[in-house]
Amino acid sequence: MRTLRFLLQKEFRQVFRDPAILRMIFMMPAIQLLVLPWAADYEIKNIQLSVVDHDHSQYSRQLTNKITASGYFQLQDYSDSYTKAMHLVEKDEADLVLEIPADFEKKLVKENESTVFMAVNAINGVKANLGAAYLRSIVQDYNREVRLKWIQLPRFSPELQIAVTSSNWFNPSMNYKLFMVPGILVVLVTMVGSFLTSLNIVREKEIGTIEQINVTPVKKYHFILGKLIPFWVLGLLILTIGLGISWAAYGIVPLGSFWVIYVFSAVYLLAVLGLGLLISTYTGTQQQAMLLSFFMMMVFILLSGLYTSIDSMPGWAKAITSANPVTYFIDVMRMVVLKGSGFNDISRHILVMLGFAVGLNAWAVINYRKRS
Amino acid sequence: MKQFISFVKKEFHHIWRDQRTLFILLGMPIVQIIIFGFALTNEVKNSQIAVLDQSNDIYTQTIRSELNASRYFDIAADLHSYKDIEAAFKKGRIKLVVVFPENFAADLEHFNTAQIQLVADASDPNVASTLTNYATAIIMDYQDRITNNRKLPYTIHTEMRMLYNPQLKGAYSFVPGVMAMVLMLVCTLMTAITIVREKELGTMEIMLVSPMQPLKIVIAKAVPYLLLSVVNISSILLLSVFVLDVPINGSLLLLLSESILFTLTCLAFGLLISTKTGSQQTAMFIALTGMFLPTVMLSGFMFPIENMPWPLRMISNIVPAKWFYFIVKEVMIKGVGLAAVWKETLILTGMLVFLLALSIKNFKIRLA
């Protein structure tokens, strides 16, 4: 016990005397949480629209006004030349071209139907998809208005009609930051946990100080506990700072209890630190450790459902996501923060995470050798 | 010159003999392309939904099976009361609940109108609105079918054309992004770290007392990474053409020379970091926060720049990857020539010269 206390003293001193680590601990949360949510905003707005109006009728102008009034689109250009509009698309100045044909109004009134054409710059798939969907729904809205003007609908509709109403729970204002911030918090804790642990141990290997520890009577588990406990504390500290920043900057207060978050994080950090430890046993230099952790983090974060939904991934990718600790933490964070889930709802997550923690640490301890 | 070549050889041995690192450096782009190409889609499909059917008649059953049959939805649960909805959402799997009121069939047959309520878990706003749109479209299709496709009067049809990327493949926007990311990693991070490592281990001193000019020592360190980058660029391009079917529409020569220009810029930045730092951890920290995060966040490949608030948009202009991403996208996918991207090329060149000048100015021959 006494040995462990001295080791802990040494580790904490090392951490707090290293300006690089201190910077990492306080700047990473600030940068990631203050900047990333603003950048990672998939809410689509300000779509650059170019209208090609061959009709110049009252209707075509009404339609254009309605589109620009919606707030999603910015009218970049209003002309009657399709080639000019296409040129804007080529220069990336327009995302969407709406072409209104010459006899739009006449056809609509006389022949009961008319067509407008849309051309979408589809290099960015999400934007193209959502932009086109918005535009189409605005055109349909406009269509309804036109219809109402021409025909008085009777009170009981003669035609069969299914009315679909929709409501959005947990995030009625559809605020994208509410969705991203809990996820980013997870990335933060994960990066700090695994990077710092693996680098710290490998650094002792590279500089040679690990030899000094290996020749002392310090036991294997003393050494490992001495390394894990400080970073476990640091991880929880960073989580607290992160929760504080997300409250101060975005007003996000978890709907569920802090207990659930901290209990799960405590287990999760054990798993992540185990991963860091494992990486350090397989590498000999800081360069290797860094690159390996970086590589694993990249795969874990991309395949965690942080940015894209897991449901739409193919089978093999889904298999990786369920062997990925980050997935579970992001899930839990979002559930607790946004929906107020309790221990009952996340019991499966906690069990899986305990499994990860035990498995990874056991693997790392078995793999750690006091001899070089 | 002979000295220089032997220094380059030494650096090659460094890389060659650290096979784990080499393996990751060469494997990274391949793994990234596979993940981005096959695992990450912004398309929504196979979403798990639940049905709360209080009517259970022939209409609701048909709509139910129509929803289940579409590739967007899998019906994962049947709920029995309104209270179940919240519980189902809290468990996390269910993204949308379709609620049929009592007497759905009777309402539809007698009053000609009936209601369906869609309740979405809007934790992820985009998925929620996409799912609501899809479900509404499926129900509307069904309605059209039971009204025998009678045309409504005064209908405006919309006809859509997707330019450049008709199948809406994500590959078109991420292949240039992966290139930027990998080049940044290999050149900036690795160069900075190898140089700082020699400082940290003390071997830099040995080299500085050799008759070789100090600046050449550092340049010799960069050469192998430049070559590694060329290998990576080729593997990314080959993979994207032959595995992801992303064509190279513009001139290959232009694309390659722009990539090399960007590689040099990254190397220069790596040099600059190495002149400023003394420990590998600090170098890594600066490379990650100063170069890697901005590349991922502000180059426009993961997140659209137009959406960002103006301070971020301003900052994005000093991120070299933003310009490189733009150039690659234009040349590779739209197939334009140098005439269309000369401005961006000039900006990149300017950045390269600036970074090089700064790092040469900061380069110290003496040890601290």
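Among the elements of chain B, strand E5 (residues 155–163) of chain B has the lowest mean pLDDT, 70, while strand E3 (residues 96–100) of chain B has the highest, 91; pLDDT is the predictor's confidence in each residue, on a scale from 0 to 100, and helices (H or I, at least four residues) and strands (E, at least two) are DSSP runs numbered from the N terminus. This is a predicted model, in which local features need a pLDDT of at least 70 and side-chain atom pairs count only at pLDDT 80 or more, whereas totals for chains, interfaces and linings use all residues. Residues are numbered from 1 along each chain as its sequence is written, and chains are lettered from A and ligands numbered from 1 in the order in which they are written.

**Confidence**

Chain B averages a pLDDT of 83, with 93% of the residues scoring at least 70. Chain A also has a mean pLDDT of 83, and there 93% of the residues score at least 70. Within chain A, confidence is lowest in strand E5 (residues 161–169) of chain A, at a mean of 75, and highest in helix H10 (residues 258–282) of chain A, at 92. For the complex, the predictor gives an ipTM of 0.78 and a pTM of 0.79. Where pLDDT is low, the predicted coordinates should not be read in detail.

**Chain B and the domains**

The secondary structure of chain B consists of 14 helices and five strands. Its C-alpha trace spans about 100 × 45 × 40 Å along the principal axes, and the radius of gyration of chain B is 28 Å, where a compact globule of 368 residues would have one near 21 Å; this radius is taken over C-alpha atoms, and the globule rule is 2.2 Å times the number of residues to the power 0.38. Each chain has a domain assignment, with bounds from an automatic or database source, as listed here.

| Chain | Domain 1 | Domain 2 | Separation of C-alpha centres |
|---|---|---|---|
| Chain A | residues 2–40 + 174–367 | residues 47–150 | 48 Å |
| Chain B | residues 12–40 + 168–362 | residues 47–146 | 48 Å |

**Where the chains meet**

In the interface, 88 residues of chain B are in contact with 88 residues of chain A, two residues being in contact if their C-beta atoms, placed from the backbone, lie within 7 Å. Helix H6 (residues 125–146) of chain B gives the most to the side of chain B that touches chain A, contributing 10 residues.

**Two residues of chain A**

Ile67(A), placed in helix H3 (residues 58–69) of chain A, counts as buried because it has 22 C-beta neighbours inside 10 Å; a residue is buried if 20 or more other C-beta atoms lie within 10 Å of its own, exposed if 12 or fewer, and partly exposed in between, with C-beta atoms placed from the backbone. Leaving aside residues up to four places away in sequence, Ile67(A) touches Leu49(A), Phe73(A), Leu135(A) and Ile138(A).

Tyr221(A), which lies in helix H9 (residues 220–250) of chain A, is exposed because there are 11 other C-beta atoms within 10 Å. H9(A) has 31 residues and reaches 44 Å from its first C-alpha to its last, close to the 45 Å expected at 1.5 Å a residue, the expected span being 1.5 Å times one less than the number of residues. After H9(A) comes Gly251(A), whose phi is positive, near 65°.
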